[in-house]
Amino acid sequence: MGIPPYLIASTLKLSAAQRLVRILCPVCKKRSLFHPLNFQKHLQLPLFPQKHFVAVGCQECYFTGYHGRRAIYEIITVDECLKEQIRTNQ
């Protein structure tokens, strides 16, 4: 963007990222057996999985299995250590 790092470091107080995730349809979601192959390899598996549901599809969700979205946020506050890393472009 062409902004000098020292201006960003002195101005930035907080950084936030947002991701929208789909919500399973409450009408047609189906309880499924928990199986490790359902999860990506880099994720840590829970020791005692409580519930596991899969998307099915019905008229309420237009046969997608999902109904609506929810936002997940990641927030990082800019402290003195992070300001110094921004200033030095690390």
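Which helix does Lys83 lie in? Lys83 belongs to helix α2, which covers residues 80–87. Before we look at its surroundings, please keep in mind that the model shown here is predicted.

Let us start with the overall plan. The protein chain has 2 helices and 4 strands. If you follow the sequence from its beginning, these elements come in the pattern α-β-β-β-β-α. The C-alpha trace spans about 55 × 30 × 20 Å along its principal axes. The radius of gyration of the protein chain is 21 Å, while a compact globule of 90 residues would have one near 12 Å. Of the 90 residues in the protein chain, 12% count as buried. The protein chain exposes about 8,100 Å², and carbon and sulfur atoms supply 56% of that area. Contacts tell us about the fold as well: taking those between residues at least 6 apart in sequence, 73% join residues at least 24 apart.

Now back to helix α2 and Lys83. Is Lys83 buried or exposed? Lys83 counts as buried, because its relative accessible area is 12%, under the 20% cut-off for that class. Setting aside neighbours within four places in sequence, Lys83 is in contact with Ala9, Leu12, Lys13 and Val78. A little further along, Thr88 lies in the segment after α2. Thr88 is partly exposed, with a relative accessible area of 40%. Thr88 and Glu74 are 14 residues apart along the chain, and their C-alpha atoms are separated by 24 Å.

Our next stop is a pair of cysteines. Cys28 sits in the loop between β1, which covers residues 14–24, and β2. Cys28 is buried, with a relative accessibility of 11%. Not counting residues up to four places away in sequence, Cys28 touches Val56, Gly57, Cys58, Cys61 and Gly65. Cys61 is buried too, at 3% relative accessibility.

How many disulfides does a search of the whole structure find? The search finds 0. A disulfide is a covalent bond between the sulfur atoms of two cysteines. For Cys61, the closest cysteine sulfur is in Cys28, at 3.8 Å, which is too far for a bond. The cut-off behind that reasoning is 2.5 Å between the two sulfur atoms.

Cys28 also offers a way to see how far apart two parts of the model can be. In sequence, Cys28 and Ile86 are 58 residues apart, and their C-alpha atoms lie 48 Å apart in space.

From here we can move to strand β2, residues 30–31, where Arg31 is found. Arg31 is exposed, with a relative accessible area of 51%. Arg31 touches Gln50, Lys51, His52 and Phe53, once residues up to four places away in sequence are left out. Arg31 and Val54 are 23 residues apart in sequence, yet their C-alpha atoms are 6.5 Å apart in space.

Phe53 appears again in another setting, with a charged side chain over its ring. Lys29 lies over the face of Phe53, at 4.7 Å from the ring centre. A second arrangement of this kind involves Arg22, which lies over the face of Tyr66 at 3.8 Å from the ring centre. What about rings that pair with other rings? A search of the whole structure finds 0 aromatic pairs.

The last stop is the loop between β3, residues 53–54, and β4, residues 66–77, where Tyr62 is found. Tyr62 is exposed, with a relative accessible area of 71%. Phe63 is found in the loop between β3 and β4 as well. At 60% relative accessibility, Phe63 counts as exposed.

What is notable about the backbone here? Most residues other than glycine have a negative phi, and most peptide bonds are trans. Tyr62 has a positive phi, near 60 degrees, and is a residue other than glycine. Phe63 is not a glycine either, and its phi is also positive, at about 60 degrees.

Key. Residues are numbered from 1 along each chain as its sequence is written. This is a predicted model: local features need pLDDT of at least 70, side-chain atom pairs count only at pLDDT 80 or more; totals for chains, interfaces and linings use all residues. Side-chain values use heavy atoms; hydrogens and water are left out. Rings of Phe, Tyr and Trp (its six-membered ring) pair if their centres lie within 6.5 Å; planes under 30 degrees apart count as stacked, over 60 as edge-to-face and the rest as tilted. A charge sits over a ring if NZ of Lys or CZ of Arg is within 6 Å of the ring centre and within 35 degrees of the ring normal. Buried means under 20% relative accessible area, exposed over 50%, partly exposed in between (1.4 Å probe, protein chains only). Contact means heavy atoms within 4.5 Å. The radius of gyration is taken over C-alpha atoms; the globule rule is 2.2 Å times the number of residues to the power 0.38. Accessible areas come from the Shrake-Rupley method with a 1.4 Å probe; for residues, only the protein chains shown count as cover.
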